[in-house]
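Colleague: Could you take me through this model? I'd like to hear what stands behind each label you use.

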Amino acid sequence: MKYNPRNLIMGISVAFILFYILAFILDSFYPSYLGVRSLSNLLVFKKTLSAIPSPPTLNNGWWNYFGTTYNGIALLPALLGSLKFDFAVMFASLGISALAGSAIGFLANYAGGAIRKFIFYVVRVMTTAPYLLVMLLILYVARPDETGIIIAISVGWFPFYIIRYVESLEFKNSRKQTDNWWKLLKFLPYILTDMGAISGVVVIITYFGFYFKNPFVVDIGNIMYLGGNVSTFLAFGAWWIAVFPLLFITVFIGFTALLSYEIRGVVSGAEE
């Protein structure tokens, strides 16, 4: 039997993505696995009164594997707990964007003519603009909380789904390509890529302080900024406070992008 490295890569990617999603589900319904009653704020992970952050250690329990921050907050459980906020915003934004974009794409395709051209003209203008800047401008006037972030990301993201939906209707009229499951497989790489990308946007938004309601909200961006920032952590030798949060979100983004790329390869190979 010929070995196919693509299967291994896809299997590893799926395993990591499912691990993050499982942690998100546990955060939402069973936070006690982290040793806390709720994920109300980052202070529930405060394990020491020391003002000096503790480096990573394999002793004294798994809580200390990633060390602590300047506030004595244990990094590893805090990062796992952060998925409740970050993924809730990500999934909500992704769902709204996909539904709104597909609905408008359906309308554009159904109406045709001048309406279709007008919708596509507006979409092209919106997608050529720096969408992150658009999100920040919307967030500036929206509510500075979880709802405001969801609104901002959804508005910035849904135009891409209009384009993707219309493109999905322009496949050649072969039996395989018009099958609903085949169209879903063609659409899946976009969903996976957006899962990672939107998660990164949420971290950027909260890291730069656009979430004003609660500075101790359990979120990767707040963890990265609490007590300093990446440059100050590195300058004072507390490298783990900068490195582990970045790795934590980068691993998820990387594996969603990798799985998306491999699925595109499978689909392209099957169409040839």
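**From labels to values**

Colleague: Why does Ser54 count as partly exposed?

Modeller: Because its relative accessibility is 30%, and partly exposed is what lies between buried (under 20% relative accessible area) and exposed (over 50%), with a 1.4 Å probe and protein chains only. Bear in mind that this is a predicted model, where local features need pLDDT of at least 70 and side-chain atom pairs pLDDT 80 or more, while totals for chains, interfaces and linings use all residues. Numbering starts from 1 along each chain as its sequence is written, and side-chain values use heavy atoms, without hydrogens and water.

Colleague: Where is Ser54, and what does this residue touch?

Modeller: Ser54 sits in the loop between α1 and α2. Beyond its neighbours within four places in sequence, Ser54 contacts Gly67, Thr68 and Trp240; a contact is heavy atoms within 4.5 Å. Trp240 is 186 residues away along the sequence, yet the C-alpha atoms of Ser54 and Trp240 are 9.4 Å apart.

Colleague: What makes Thr69 buried?

Modeller: Its relative accessibility is 2%, which is under the limit for buried, so the label holds. Thr69 lies in the loop between α1 (5-29) and α2 (75-111). Setting aside neighbours within four places in sequence, Thr69 contacts Pro53, Leu75 and Ile241.

Colleague: Is Asn60 buried or exposed?

Modeller: Exposed: the relative accessible area of Asn60 is 69%, so it passes the upper limit. Asn60 is in the loop between α1 and α2. Its phi is positive, about 65 degrees, although Asn60 is not a glycine.

Colleague: And what makes Ala88 partly exposed?

Modeller: Ala88 has a relative accessible area of 23%, so it falls between the two limits. Ala88 belongs to helix α2. Not counting residues up to four places away in sequence, Ala88 touches Phe24, Leu83 and Glu146. Take Phe24: 64 residues separate it from Ala88 along the chain, and their C-alpha atoms are 8.2 Å apart.

Colleague: How many helices and strands are there?

Modeller: The protein chain has 10 helices and 0 strands. Both are DSSP runs numbered from the N terminus: H or I over at least four residues for helices, E over at least two for strands. As for burial, 42% of the 272 residues count as buried. Among contacts between residues at least 6 apart in sequence, 71% join residues at least 24 apart.

**Rings**

Colleague: How many aromatic pairs are there?

Modeller: The structure holds 18.

Colleague: Why is the Tyr207 and Tyr225 pair called edge-to-face?

Modeller: The ring centres are 5.6 Å apart and the planes meet at 90 degrees. Rings of Phe, Tyr and Trp (its six-membered ring) pair when their centres lie within 6.5 Å; planes under 30 degrees apart are stacked, over 60 edge-to-face, and the rest tilted. So 90 degrees gives edge-to-face. The pair links distant parts of the chain, with Tyr207 in helix α7 (residues 180-207) and Tyr225 in helix α8 (residues 220-225), 18 residues apart. Tyr207 is buried at 16% relative accessible area, whereas Tyr225, at 46%, is partly exposed.

Colleague: What makes the pair of Trp239 and Phe244 tilted?

Modeller: Their planes are at 55 degrees, with centres 5.7 Å apart, so the pair is neither stacked nor edge-to-face. Trp239 is partly exposed at 41%, and Phe244 is buried at 15%.

Colleague: Which residues do ring pairs link into a cluster?

Modeller: Phe19, Tyr20, Phe24, Phe87, Phe91, Phe248 and Phe252.

Colleague: How do you know that the charged end of Lys47 sits over the ring of Trp63?

Modeller: That takes NZ of Lys or CZ of Arg within 6 Å of the ring centre and within 35 degrees of the ring normal. For Lys47, the distance to the centre of the Trp63 ring is 3.8 Å. Arg264 also lies over a ring face, that of Tyr190, at 5.2 Å from the ring centre.
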